[in-house]
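Biologist: I have a new model open and would like to learn how to read it. Could you take me through it feature by feature?

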2 protein chains.
Amino acid sequence: MKKLMLLAALCAAPALADEGMWTFNNFPAAKVKAKYNFEPTKDWLDHLRLASVRIAGGCSASVVSPDGLVMTNHHCARECIEGLSGLDKKDYNKDGFWAKAQTDEKRCPGYELNQLQEITDVTKKVQDATKDTPADKFNEVQKATLAGLEKECAGDNTEVRCEVVSLYRGGRYDLYKYARLQDIRLVFAPEDQIAFFGGDPDNFMFPRYDLDVSFIRIYGKDGKPMKMDHFLSWSDGSLKEGDLTFVAGNPGGTSRGLTVAQLEDDRDYKLPLTLYRTSELRGFVTQYQERGKEQKRHSNDVLFGAENRFKALKGRHAALADKNFFGLLAKNEADFRAKVKARPELEKQYGATWDNIAGIVKKLQAMRKEYNALEKGPDSELFKHARGLLRYSEEVTKPNGDRLKEYTDARLPQFKQQILSNAPMYDELETALLTFSLTKMREDLGPDHPVIKRVLGTRSPAEVAAAAVKGSKLKDLKTDKTGNPIGGFRKELFDGGKAKVDASKDTMLELARAFDAEARAVRKRFETEVEGPLKKQQELLAKARFAVYGDSIYPDATFTPRVSYGTVKGYEENGAQVKPFTTLAGAFERHTGADPFALPKSWMTAKPRLGMDVPFNFCSTNDIIGGNSGSPVVNQKGEVVGLVFDGNIQSLGGEYGFDESVNRTVSVHSAALIESLDKVYGAARLVTELKGSAATKAGQP
Amino acid sequence: MKKLMLLAALCAAPALADEGMWTFNNFPAAKVKAKYNFEPTKDWLDHLRLASVRIAGGCSASVVSPDGLVMTNHHCARECIEGLSGLDKKDYNKDGFWAKAQTDEKRCPGYELNQLQEITDVTKKVQDATKDTPADKFNEVQKATLAGLEKECAGDNTEVRCEVVSLYRGGRYDLYKYARLQDIRLVFAPEDQIAFFGGDPDNFMFPRYDLDVSFIRIYGKDGKPMKMDHFLSWSDGSLKEGDLTFVAGNPGGTSRGLTVAQLEDDRDYKLPLTLYRTSELRGFVTQYQERGKEQKRHSNDVLFGAENRFKALKGRHAALADKNFFGLLAKNEADFRAKVKARPELEKQYGATWDNIAGIVKKLQAMRKEYNALEKGPDSELFKHARGLLRYSEEVTKPNGDRLKEYTDARLPQFKQQILSNAPMYDELETALLTFSLTKMREDLGPDHPVIKRVLGTRSPAEVAAAAVKGSKLKDLKTDKTGNPIGGFRKELFDGGKAKVDASKDTMLELARAFDAEARAVRKRFETEVEGPLKKQQELLAKARFAVYGDSIYPDATFTPRVSYGTVKGYEENGAQVKPFTTLAGAFERHTGADPFALPKSWMTAKPRLGMDVPFNFCSTNDIIGGNSGSPVVNQKGEVVGLVFDGNIQSLGGEYGFDESVNRTVSVHSAALIESLDKVYGAARLVTELKGSAATKAGQP
């Protein structure tokens with residue numbers, strides 16, 4: 001991997017490259033104008049932002065019709081597709097889904113979209129609250145402050161989601177208010193074979209041939225498609241190399257502001273440990289799938305998650321392992337420190353920050369195993385529900401500011417939505433994953449740890465897991481036709497409060513209860529000794545950064561709305577030039593007939609009708625990261641020209657820095673979307689709706 | 001992990017700690033005398049060496065009776081136990097094995113012991129041969145030289161094994177001549193539940209409660225137990241903290257002589273990649289075991305291997321990740337370089353060596369994936385046989401010096417023994433492992449690599465694997481009652497030579513053939529561009545090391561006979577003192593009834609008869625590493641006081657350096673061996689044989 005890092009905006013002078021996941025209110029419009037002779041106006045940016053939505057589970061999406069039609073990736077709707085399959089005893093992942101009529105659109109279990117309504121700068125309030133707070137109280141005081149601000153924002157309205165987000169790692173705090181859209185229905189999803197054509201081998205690769213799309217629709221309280229003020233128009237499909245492109249979305253997180261001590265921790269401890277565990281889980285689920293067709297179906301999502309995560313993190317580790325790359329990051333830090341040192345007033349305030357952070361990293365390393373094992377906890381949906389009920393019933397008896405963050409008033413609506421989701425669970429898979437997790441817990445803590453002795457006693461992890469799953473009634477949840485919870489054991493416990501939960505001897509609740517005290521204790525220790533002190537130091541670092549580099553810089557990604565710019569552009573790899581477009585013909589050339597290189601029957605049948613020269617996927621220099629999946633790619637007119645679904649393998653180092661020479665966003669071309677909807681799936685209704693928006697240009701500023 | 005590294009002998013002044021895996025002819029007897037007031041004489045050392053044997057598969061062992069009785073670990077005989085189970089349709093691993101009468105002892109399939117007969121210093125011949133050889137020819141010329149020396153040593157005698165070993169990484173070359181003992185029969189093995197009590201969670205841990213022993217017997221050509229001139233006497237079982245102990249064995253390999261560039265490669269590339277793969281395989285086999293009882297049985301050995309390897313390598317990586325530890329290794333190198341630099345004649349000869357090695361490491365990194373994928377090749381026994389036959393038939397048509405190393409005349413006897421071994425194979429497991437390997441090959445090389453396109457074509461890895469296993473007749477091998485091959489397809493191909501092999505369309509042969517050219521090519525590239533040049537640089541480094549530090553230093557481990565000294569000693573861990581002995585009582589306290597903490601029935605039944613205070617396992621400061629498994633621990637009288645079977649978790653960093661404060665060898669106490677043989681297994685015949693040697697003191701010098 002050739003690495004000519006610029007890393008400019010975060011750590012040095014203003015970026016020269018198409019670098020940055022910019023906040024909408026600090027977009028470098030003048031720079032774009034200078035480089036590309038096009039300057040997005042405030043209105044232009046506002047429209048793009050308002051037509052974008054976030055998928056609570058961790059993806060991006062865009063509104064593409066006035067009737068609430070939303071475009072995202074197939075892999076961003078997997079949870080919905082998988083859930084509906086379980087409820088309907090179908091395999092929509094394998095066979096695809098298409099609601100011929102609008103009335104056939106099906107509500108996704110436990111699925112939520114967030115639509116940003118308002119951003120308020122609360123920096124002063126947040127920073128002032130902890131101005132004189134000692135490090136070990138920092139987290140507590142800040143948590144209470146944020147809980148108060150979020151509560152104030154949301155009030156008793158469960159239809160909104162309020163979150164204070166720390167930008168620039170404590171340099172700025174913004175309060176985001178989102179509308180929570182929970183009646184989301186599946187409109188269209190192609191077969192997994194074409195959505196994820198090439199499978200894990202081609203994941204994070206380019207050239208690529210994937211129709212990684214799904215269409216969903218937002219429904220209102222009235223049970224009708226929601227009318228949208230802002231939506232993106234469809235382009236005419238013309239897009240050529242060098243064209244300027246914008247990506248709006250919610251990049252989940254980056255680590256470009258980490259210190260070298262933190263980067264070393266990522267490289268030597270955090271990433272390796274996660275990678276070992278993820279690759280073991282991957283092998284485990286790969287063989288679990290051999291148990292049978294149904295087991296394969298219901299574990300597909302877990303396997304996809306493990307493989308995707310493994311490849312992404314492996315790429316990150318490889319970036320840090322690269323001595324040149326790491327050396328450049330270290331040099332950036334050295335330059336920054338030198339600049340601080342050169343100004344006595346800065347040195348006095350910020351000079352010790354790097355060493356302080358290094359000290360906190362050591363504390364983190366000392367508690368990481370226990371924290372991960374006990375608090376990140378077993379990898380079972382049923383267990384998560386059990387712990388959720390246990391903690392929820394306890395936490396809500398406390399004042400808002402004293403609660404664990406996820407149970408503060410402003411966050412309870414999401415919690416409720418998750419705990420009362422009717423997404424199906426499978427005893428066999430739950431048992432297998434819980435066995436795996438308990439075995440790993442024993443591995444990490446050792447068989448002599450008091451929690452392990454108490455939880456396992458005279459039994460094996462497999463025995464404990466089987467008993468906990470078999471005996472639990474937490475699966476029991478009754479919902480109405482649209483997925484609203486109306487009864488069942490889980491709902492009774494949720495509604496019943498602490499007395500009811502405490503009285504229950506449900507086997508999974510008992511398991512969660514068995515070590516909740518220790519889990520809470522290690523979390524407390526983590527928050528007091530690591531998280532709080534780190535936040536305090538990072539605030540200082542952010543201030544130092546503003547002082548040295550000014551404020552024309554972008555913050556690390558935070559799963560909040562960002563916009564990046566770039567152009568359609570190929571790159572060089574192993575001495576050869578990679579072209580920025582692929583065509584439908586390429587998919588047929590790559591088809592071998594064996595998964596993951598087997599095109600679905602629908603495509604083989606439609607082949608004669610398809611335009612072989614229609615562009616399929618393309619790559620561009622936009623700076624994105626995980627969480628941007630499902631983002632729209634728009635042209636200067638703000639029209640949809642593509643749908644982001646991946647980055648190339650070189651983009652994985654983007655966690656730590658952006659290398660314009662090779663880092664590429666990978667998208668489905670808008671023309672391929674129309675071509676396949678029309679000629680493979682006969683989805684005329686959908687094509688009309690999409691093109692309709694092109695025709696009317698409605699919603700354009 | 002507290003790390004107070006001394007690393008003295010390899011890189012600095014003579015060792016102060018009990019450090020070093022010493023060659024028998026360079027043992028620091030005077031230093032031992034000074035520290036412990038006991039000086040092993042040459043006779044004493046010779047006897048210990050001559051009573052030690054090596055297990056070709058990768059373990060150590062000792063002769064413990066005049067009638068060829070050999071003691072090693074249970075895990076060193078797993079291959080034999082597993083193989084016999086398959087042949088007899090029994091589960092000796094689970095149930096244990098005990099030959100009540102000598103005639104019940106069963107020959108281990110494909111098992112070989114090596115008994116060292118002679119060591120010849122061939123340094124001058126080897127170094128002179130390549131004195132003026134350019135780096136890219138170095139490997140070729142040296143390989144031919146070694147093949148010639150080994151051939152000269154072995155002649156046409158297939159009963160010996162001759163190997164030139166590079167000590168001090170090229171500082172000295174010794175020619176080792178071993179007798180090959182191939183009629184090895186299983187005498188006794190306890191149940192896996194007690195041999196590996198605590199399983200993976202307790203592996204590399206202390207305190208410990210394992211009876212990790214097996215007894216095997218060497219038989220001669222006459223089919224009778226072989227009479228041995230040298231064997232170890234049994235001690236009276238008295239051993240206390242502080243007692244001096246010696247361990248004789250064959251440590252497999254250490255990396256204490258690596259440069260920092262190589263250590264960084266281990267930390268950032270080599271170890272992580274291996275760990276990802278190993279942990280995935282572990283998860284894969286863990287779930288494979290769920291297919292059923294027989295599948296569990298026949299995959300136990302693969303799972304044990306993966307788990308053991310994973311834990312060992314993870315420990316190594318953790319040692320290198322430790323900044324203090326790595327810093328000390330870096331400092332040692334800096335000191336060494338400074339000492340070279342200080343002497344102009346040394347600087348001129350050796351000053352560039354470190355940078356040269358760093359350059360070679362980069363080349364290695366660039367070809368590692370392809371080398372591993374193609375040449376280290378699929379993880380299937382059947383595939384290995386196919387490739388072996390293919391290459392063997394080709395290589396033997398070439399002059400000895402031109403062949404791949406493993407097919408040179410002196411090494412052919414071992415090859416023959418392996419390829420005609422009747423160790424059982426299981427289609428289902430072979431198919432699963434081959435599927436896994438082909439999937440990983442595609443992952444490493446990418447789906448567009450010509451080998452992947454050719455091998456897979458329009459099929460999936462699973463389809464290719466299933467077809468190759470199902471269609472192959474390579475399993476077909478007929479043996480007589482003692483395991484000697486007498487016929488069958490595999491033997492016909494082996495005997496038939498190139499014409500016969502070339503004519504065969506056996507499916508597994510075809511698979512091996514499909515990418516043998518590429519595999520050979522990358523190996524050639526590796527040997528020419530990496531291995532040879534590295535050897536040349538390492539020879540220089542070894543010379544520099546001798547010049548700076550003299551020759552009272554020990555070489556990195558090379559799976560050749562070594563001896564280490566130390567004392568029975570506890571250590572500090574997490575602020576608490578770990579005592580050096582455990583007792584039988586401790587095992588019963590640790591028993592939960594659930595694997596891997598379930599004692600076998602035989603032990604539960606025998607409990608009332610067992611002395612609860614009998615020492616079970618103990619730890620000592622001897623410096624060992626993987627390969628030392630099965631080594632005898634002897635006292636000053638040269639009597640058996642224990643059986644090495646593990647190191648503690650802190651010993652894993654021993655790959656790179658020895659830390660006497662916490663690095664411990666873990667052994668079964670001789671008293672526990674006698675107590676359990678006598679009172680659990682009623683193995684009176686064996687106890688008498690072992691104690692008989694104690695009584696007569698035969699074989700003592």
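Modeller: We will go through domains, cores, helix pairs, the chain interface and one residue.

Modeller: A word on the source: this is a predicted model, in which local features need pLDDT of at least 70, side-chain atom pairs count only at pLDDT 80 or more, and totals for chains, interfaces and linings use all residues. Residues are numbered from 1 along each chain as its sequence is written, while chains are lettered from A and ligands numbered from 1 in the order in which they are written.

Biologist: Which domains does the assignment give for chain A?

Modeller: Domain bounds come from an automatic or database domain assignment. Here they are domain 1 (8-112 + 182-256 + 556-696) and domain 2 (260-525) of chain A. Their centres, taken over C-alpha atoms, are 29 Å apart. Each domain gives 29 residues to the contact, where two residues are in contact if their C-beta atoms, placed from the backbone, lie within 7 Å. On the domain 1 side, helix α4 (residues 78-88) of chain A gives the most, with 7 residues; helices are DSSP runs of H or I with at least four residues, numbered from the N terminus.

Biologist: Where does the largest nonpolar core lie with respect to these two domains?

Modeller: A nonpolar core is a set of buried Ala, Val, Leu, Ile, Met, Phe, Trp, Tyr and Cys residues joined through C-beta atoms within 7 Å. Buried means 20 or more other C-beta atoms within 10 Å of a residue's own, exposed means 12 or fewer, and partly exposed is in between. The largest core has 119 residues, and A:L389 and B:L389 are among those with the most contacts inside it. Domains 1 and 2 of chain A both give residues to this core, so it lies between them. Beyond four places in sequence, A:L389 is in contact with A:I419, A:L493, A:F494, A:V501 and A:L509.

Biologist: How do I read a pair of packed helices?

Modeller: Use the angle between the axes and the distance between them. Axes are lines fitted to C-alpha atoms over the stretch in contact, with angles from 0 to 180 degrees between N-to-C directions. Angles under 35 degrees count as roughly parallel, over 145 as roughly antiparallel, 65 to 115 as roughly perpendicular and the rest as oblique. Helices α19 (residues 461-471) and α21 (residues 507-514) of chain A come within 6 Å and cross at roughly 130 degrees, so α19(A) and α21(A) are oblique. The contact is made by A:A467, A:A468 and A:G471 of α19(A) with A:T507, A:M508 and A:L511 of α21(A).

Biologist: At what angle do α10 and α14 of chain B cross?

Modeller: Helices α10 (residues 260-288) and α14 (residues 353-376) of chain B cross at roughly 25 degrees, with axes that come within 9 Å. They are therefore roughly parallel. B:A261, B:Q262, B:D265 and B:Y269 of α10(B) meet B:I357, B:A358, B:V361 and B:Q365 of α14(B).

Biologist: How many residues of each chain are in contact with the other?

Modeller: In chain A 33 residues touch 33 residues of chain B. The largest share of the chain A side, 14 residues, comes from α10(A).

Biologist: Is B:D595 buried, partly exposed or exposed, and why?

Modeller: B:D595 counts as partly exposed because 14 C-beta neighbours lie inside 10 Å. B:D595 is in the loop between α23 (584-590) and α24 (601-606) of chain B. Beyond four places in sequence, B:D595 touches A:S460 and B:G199.

Note on methods:
Helices (H or I, at least four residues) and strands (E, at least two) are DSSP runs, numbered from the N terminus.
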